[in-house]
Amino acid sequence: MTPRFKGGCRPRKVGQRGRGSLYIQVYPSTLTNASRMMKIATSIHEAGYFDQTHLVGVHADGMPARTPIMPGLIVNRIRGSARGGNLGRVLRVLMWQPRVYAHYRSQPLAVVAAHNVWVLPLCWILACRWGAALAYNAHELETEAIAMTGAKQRVARVIEARLIARCSIISVVNVPIADWYARRYGIRPIVVGNVPEVADEEVDLRTRLGIASNEMLYIHTGNIARGRSIPLILTTFARTRHHVVFLGDGPLTADVVRASGRHRNIHWLEPVRPDLVVAHVREADVSLCLIEQHLSLSDRLSSPNKLMEALAADTPPLCSELVEARRLLDAAATTWILSSPARELGEALNRIHKQDVEDFRSTWAGVQAWTEEVRPLVEKFAEISLESDPDQFENR
């Protein structure tokens, strides 16, 4: 059922090409690492519902304003402010969002998709102008993230509560977050998990690092930043014979590099292409996903990229107590989930052996491919299109 739209603006259904065939995804960043947006945009665009699909972000110096991805699919960066923090968010509201509106208000929009809560009002206004469908593709539990505190959180909650019922398409990244939205708003979002891209390439990580096949190798992927137990990992591995490699970059990279200079079992590698991460994780025995879940409700309900990369690589993830990790690991959770990493990480490194890794790999069913993961979202676009114009897609 299509939600009842309030406020006198009922988005039309996609597929009415006589009035427009442009689908835009809006996210207030430079889109340099927007792999999830790109995968969703590509899957929807290739389904053939639109003549054009635009990923709309913030232009920064030294970056191209427009980047073609394939025929009809482009990244469109609009001049604004690329500053971070609260000031950057205010500047994007005052400068970038009006420019996005001015750029697209005269273009024939079919669907306008907000990829975080702060651009939801802008996307709703654009959708109303064209009678377009409004989509909300949340990347996390938007209003309950660590940065959401005080007045900022109250404003975000009001925005989401007022506009979510006006969305004809809502997607989230996992089942626990979908459950939260269902309880809060009585709306069941589509779940599109963070299934990573996987290149058909192999790497020889152990040879590169000089690690023998009989030695235990742990890997940490992604942003090297606070909230990911970086200091705990460094101090714990400094007291063990096991190896750990950090594949990525971030504010705490210097700490990792210094530790690697002091300890032969701690390593750092520069980031690789997103589609090569899984190949690197597959070379390790165990992946580390030690999110500091006390930080926010969004963190506790998250399914971090590093968790999904490990599962896609058939490599066991040693995790903090995350709801989605426990759901996915099921019976294996007793081995691989730590209730308190600060107390249990050292003990876990002592008890986990090669046989535990082999046991996991022999029983793990694997993750489904992205094409299957995104299928419910693609089918939702088809459903709305057919409700609007049953004859238009009869030959597809």
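**Note on strand E1 and model confidence**

1. The β pairing of E1 and E5: strand E1 (residues 22-26) and strand E5 (residues 109-114) pair in the parallel sense over 5 bridges; strands (E, at least two residues) and helices (H or I, at least four) are DSSP runs numbered from the N terminus, and two strands pair if DSSP finds at least two bridges between them. Within E5, Leu109 is the bridge partner of Leu22.

2. This is a predicted model, in which local features need pLDDT of at least 70, side-chain atom pairs count only at pLDDT 80 or more, and totals for chains, interfaces and linings use all residues. Residues are numbered from 1 along each chain as its sequence is written, and side-chain values use heavy atoms, with hydrogens and water left out.

3. E1 is largely enclosed by the rest of the structure, because 5 of its 5 residues are buried (under 20% relative accessible area, 1.4 Å probe, protein chains only). Leu22, Ile24 and Val26 point one way from the strand, whereas Tyr23 and Gln25 point the other way.

4. E1 also pairs in the parallel sense with strand E2 (residues 52-59), over 5 bridges. Ile24 stands opposite His54 of E2. Between E1 and E2 the chain passes through helix H1 (residues 35-46), a right-handed β-α-β crossover (clockwise from the first strand over the helix to the second, with the strands pointing away from the viewer).

5. The protein chain has a mean pLDDT (the predictor's confidence in each residue, from 0 to 100) of 89, and 89% of its residues reach 70 or more. Over residues 1-8 pLDDT stays under 50, and the model has 16 contacts beyond four places in sequence for them (heavy atoms within 4.5 Å). Residues 390-396 are also below 50, with 10 contacts beyond near neighbours in sequence. Where pLDDT is low, the predicted coordinates should not be read in detail.

Notes: Buried < 20%, exposed > 50% of the residue type's maximum accessible area, 1.4 Å probe, protein only.
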